[in-house]
Amino acid sequence: MVFKSHMNQALEQARAAADRGEVPVGAVLVSPSGEIVAAAGNRTRELCDPTAHAEVLVIREGCARAGSERLVGHDLYVTLEPCAMCAAAIAAARIGRVYYGASDPKSGGVAHGARVFSHPQAHHVPEVYDGIGAEESDVLLKAFFAGLRR
């Protein structure tokens, strides 16, 4: 099977989130057969829900569609390193692979901070691939936060 990145679709979701005034993070969940199961951008402000991160939204939709709390063999593409909350949800859902763009030294939970997947109590450890679409993800985030400071 040939690898096909879905980071462009995650970036589209991040741009849409920024257009809604949300922190521009996008995520796409892909089934083992390569079908996009769910796509979302952050909606924390819109939904008044601190858990409405892009990753959590696609996990919720994917689980609902699968009729299961497990997403074994699924891939998750996200434009920013998942935070500790999202990393824990990824582990609980048993997602197979995580591809993320920009690193998040301040709030990340995979390569920084809590390093959830490295913790001995992690339920599941997915394969993790970082830096895919990192530059474009980083530019989106920096432009968004620069706009808030004006």
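## Exercises on a predicted model

The largest pocket in this predicted model is lined by 22 residues, and Val23, Leu80, Asp104, Leu141 and Phe145 are those that lie nearest its centre.

**Exercise 1.** Describe the largest pocket by its volume, by the classes of its lining residues and by the element that gives the largest share of the lining.

*Solution.* Begin with the volume, which is about 550 Å³. Next, sort the lining by class, which gives ten nonpolar, five polar and seven charged residues. Finally, look for the element with the largest share, which is helix α5, residues 134-148, with five residues of the lining.

**Exercise 2.** Work out how helices α1 and α5 are oriented to each other, and state which residues meet.

*Solution.* Helix α1, residues 7-19, packs against α5 at an angle of about 5°, and their axes are 11 Å apart. Angles under 35 degrees count as roughly parallel, and α1 and α5 are therefore roughly parallel to each other. At the contact, Leu11, Ala14, Arg15 and Ala18 of α1 meet Glu136, Ser137, Leu140 and Phe144 of α5. By class, these contact residues are five nonpolar, one polar and two charged.

**Exercise 3.** Trace the order of the strands in the open sheet, find its edges, and place α5 relative to β3 and β4.

*Solution.* The five strands follow the order β2-β1-β3-β4-β5, with mixed pairing. Strands β2 (36-41) and β5 (127-130) each have a single partner strand, so they stand at the edges, with one side of each left without a neighbour in the sheet. Strands β3 (residues 75-80) and β4 (residues 97-102) run parallel and are joined by five bridges, and Leu76 stands opposite Val98 in β4. Helix α5 lies across β3 and β4, at about 55° to β4.

Technical notes. Residues numbered from 1 in each chain as written. Predicted model: local features only at pLDDT ≥ 70, side-chain atom pairs only at ≥ 80, totals over all residues. Heavy atoms only, no water. 1 Å grid on protein atoms, 1.4 Å probe; cavity = no way out; pocket = protein on both sides within 12 Å on 5 of 7 lines; lining within 4 Å. Points joined across faces, edges and corners; volume = space filled by probe spheres on them. Helix = DSSP H or I, 4+ residues; strand = E, 2+ residues; numbered from the N terminus. Nonpolar A, V, L, I, M, F, W, Y, C, P; charged D, E, K, R; others polar. Axes fitted to C-alpha atoms, helices over the stretch in contact; angles between N-to-C directions. Parallel < 35°, antiparallel > 145°, perpendicular 65-115°, else oblique. Contact = heavy atoms within 4.5 Å. Pairing = 2+ DSSP bridges.
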